[in-house]
Amino acid sequence: ALRRDAMTRPLLTTRQLDVLQSAARGRTYRETAEELGISPQTAKIHRKRIMRRLREDNMLSAVLVALRLGVLSMPYIETLDENDPCDAWERFILHM
């Protein structure tokens with residue numbers, strides 16, 4: 001059974017949402033770390049906690065679940081480069 005505080009607390013922390021948004025834009029954990037001003041190890045830890053919290057074993061699945069749950073919305077996903085329309089999604093899939 002869920003504890004009472006687990007039912008009222010947000011699914012992800014603000015920082016976890018930042019990391020998830022970065023992953024949704026196809027950023028590696030190293031790029032996420034640089035973007036957010038955190039260490040690569042901290043970015044990795046956030047990713048692991050996000051996956052555990054969303055009960056997924058990879059970031060691709062975690063992003064898709066977050067989209068389905070409304071935790072993440074499409075504007076956070078990088079607009080496709082007009083010169084390489086598959087670039088953002090290819091980076092996303094390859095770096096998860």
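Arg55 sits in the loop between α4 and α5, the latter spanning residues 59-69, and it offers a convenient place to enter this structure, which is a predicted model. The phi angle of Arg55 is near 60 degrees, which is a positive value in a residue other than glycine. Most residues other than glycine have a negative phi. Arg55 is also exposed, with a relative accessible area of 74%.

From that loop one can step back to the chain as a whole. The protein chain has six helices and zero strands, so that, read from the N terminus on, its elements run α-α-α-α-α-α. Of its 96 residues, 33% count as buried. Among the contacts in the chain with a separation of 6 or more, 53% are accounted for by residues 24 or more positions apart.

Just before the loop that holds Arg55 comes helix α4, which covers residues 40-53, and Arg53 is found in this helix. Arg53 is partly exposed, its relative accessible area being 32%. Although Arg53 and Leu12 are 41 residues apart along the chain, their C-alpha atoms are separated by 7.6 Å. A polar atom of the Arg53 side chain also lies 3.0 Å from the backbone oxygen of Leu11.

Helix α2 comes next in this account, and it runs over residues 14-24, where Gln16, Val19, Leu20, Gln21, Ser22, Ala23 and Ala24 are buried. After α2 comes Gly26, whose phi is positive, near 85 degrees.

How do two packed helices come to be described? The description rests on the angle between their axes and the distance between the axes. For α2 and α4, the angle is about 95 degrees and the axes are 9 Å apart. The two helices are therefore roughly perpendicular to each other, given that angles from 65 to 115 degrees count as such. On the side of α2 the contact is made by Arg15, Gln16, Val19, Leu20 and Ala23, while α4 contributes Ala43, His46, Arg47, Arg49 and Ile50. Sorted by class, the residues of this contact divide into five nonpolar, two polar and three charged.

Leu20, one of the α2 residues in that contact, deserves a longer look. Leu20 is buried, with a relative accessible area of 0%. Its partner across the helices, Ile50, is 30 residues away in sequence, yet the distance from C-alpha to C-alpha is 7.5 Å. When residues up to four places away in sequence are not counted, Leu20 touches Leu12, Ile50, Met59, Ala62, Val63, Ala66 and Leu72.

Helix α4 packs against a further helix, α3, which covers residues 29-36; here the angle is about 110 degrees and the axes are 8 Å apart. That angle makes α3 roughly perpendicular to α4, and the crossing of the two is right-handed. The residues that make the contact are Tyr29, Arg30, Thr32 and Ala33 from α3, together with Pro40, Ala43, Lys44 and Arg47 from α4. By class, this contact has four nonpolar, one polar and three charged residues.

Which residues does Thr32, a member of helix α3, touch beyond its neighbours within four places in sequence? Thr32 is in contact with Val19, Ser22, Ala23, Arg27, Ala43 and Arg47. Thr32 is itself buried, with a relative accessible area of 0%. One of the residues it touches, Ser22, is joined to Thr32 through a polar contact of 2.7 Å between the two side chains.

Following that polar contact leads back to helix α2, where Ser22 is found. Ser22 is buried, and its relative accessible area is 0%. Apart from residues up to four places away in sequence, Ser22 touches Arg27, Thr32 and Glu35. Of these, Glu35 is 13 residues from Ser22 along the chain, and the C-alpha atoms of the two are separated by 8.3 Å.

Methods: Residues are numbered from 1 along each chain as its sequence is written. This is a predicted model: local features need pLDDT of at least 70, side-chain atom pairs count only at pLDDT 80 or more; totals for chains, interfaces and linings use all residues. Side-chain values use heavy atoms; hydrogens and water are left out. Buried means under 20% relative accessible area, exposed over 50%, partly exposed in between (1.4 Å probe, protein chains only). Helices (H or I, at least four residues) and strands (E, at least two) are DSSP runs, numbered from the N terminus. Axes are lines fitted to C-alpha atoms, for helices over the stretch in contact, and angles run from 0 to 180 degrees between N-to-C directions. Angles under 35 degrees count as roughly parallel, over 145 as roughly antiparallel, 65 to 115 as roughly perpendicular and the rest as oblique. A crossing is left-handed if the near helix is turned anticlockwise from the far one by less than a right angle, and right-handed if clockwise. Contact means heavy atoms within 4.5 Å. Ala, Val, Leu, Ile, Met, Phe, Trp, Tyr, Cys and Pro count as nonpolar, Asp, Glu, Lys and Arg as charged, and the others, Gly among them, as polar. A polar contact is a pair of N or O atoms within 3.5 Å; within protein, one must be able to donate a hydrogen and the other to accept it, and residues adjacent in sequence count only if both atoms are side-chain atoms.
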